[in-house]
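Here is a short set of exercises to work through with the coordinates open beside you. Try each task before you read its solution.

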Amino acid sequence: VQLVESGGGLVQPGGSLRLSCAASGSIYSIKAMAWYRQAPGKQRDLVARITTSDSTNYADSVKGRFTISRDNAKNTVYLEMNSLKPEDTAVYLCYAEIVPTSTSQSVYAYWGQGTQVTVSS
């Protein structure tokens, strides 16, 4: 299983970006999907999470500015980021809980490699 993120880049404060993360490989079903971020010298923090029933939760710092969504047919999760601030600068990592086959008894956690988001004027 691979998770591949895209959509990061350099944006000015107040700008917007849309991140995508596509899962591929041996996938029977995907449970929760999420975005985390990690700034240099800091711990990895949850940004947003979405369940199979589209229930979502967000870090307080991004509520009202970021929106997480998923397309189950494409095994893809998105993060729409608006009103970006310099403190949003970080590597953003995709996370997914995946059941690999119809007979699997376990759910496995996978991470993407990350995509850099830099908010600067």
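The exercises below cover the core, the disulfide, the rings and one strand residue.

This is a predicted model, where local features need pLDDT of at least 70, side-chain atom pairs count only at pLDDT 80 or more, and totals for chains, interfaces and linings use all residues. Residues are numbered from 1 along each chain as its sequence is written, and side-chain values use heavy atoms, with hydrogens and water left out.

**Exercise 1. Find which residues of the largest nonpolar core touch the most other members, and which strands supply the core.**

Start with the terms. A nonpolar core is a set of buried Ala, Val, Leu, Ile, Met, Phe, Trp, Tyr and Cys residues joined through side-chain atoms within 4.5 Å. Buried means under 20% relative accessible area, exposed over 50%, and partly exposed in between (1.4 Å probe, protein chains only). Next, look at the members: the largest core has 27 residues, and Trp-35, Val-47, Phe-66, Val-77, Leu-79, Met-81 and Tyr-92 touch the most others. Then turn to the strands (DSSP runs E of at least two residues, numbered from the N terminus). At least two core residues come from each of E3, E4, E5, E7, E8, E9 and E11. E9 gives the largest share, five residues.

**Exercise 2. Locate the disulfide and work out its handedness.**

A disulfide here is a pair of cysteine sulfur atoms within 2.5 Å. Searching the whole structure gives one: Cys-21 and Cys-94, with sulfur atoms 2.1 Å apart. Cys-21 sits in strand E3 and Cys-94 in strand E9, so the bond ties together parts that are 73 residues apart in sequence. The torsion about the S-S bond of Cys-21 and Cys-94 is about -80°, so the disulfide is left-handed. Both cysteines are buried.

**Exercise 3. Describe how Tyr-36 and Tyr-95 pair, and which cluster they belong to.**

Rings of Phe, Tyr and Trp (its six-membered ring) pair if their centres lie within 6.5 Å; planes under 30 degrees apart are stacked, over 60 edge-to-face, and the rest tilted. The whole structure holds three such pairs. Tyr-36 and Tyr-95 are edge-to-face, 5.9 Å centre to centre with 70° between the planes. Ring pairs link Tyr-36, Tyr-95 and Trp-111 into a cluster.

**Exercise 4. Place Val-4 and list its contacts beyond four places in sequence.**

Val-4 lies in strand E1 and is partly exposed, at 48% relative accessible area. Leaving aside neighbours within four places, Val-4 is in contact (heavy atoms within 4.5 Å) with Ser-20, Cys-21 and Ala-22.
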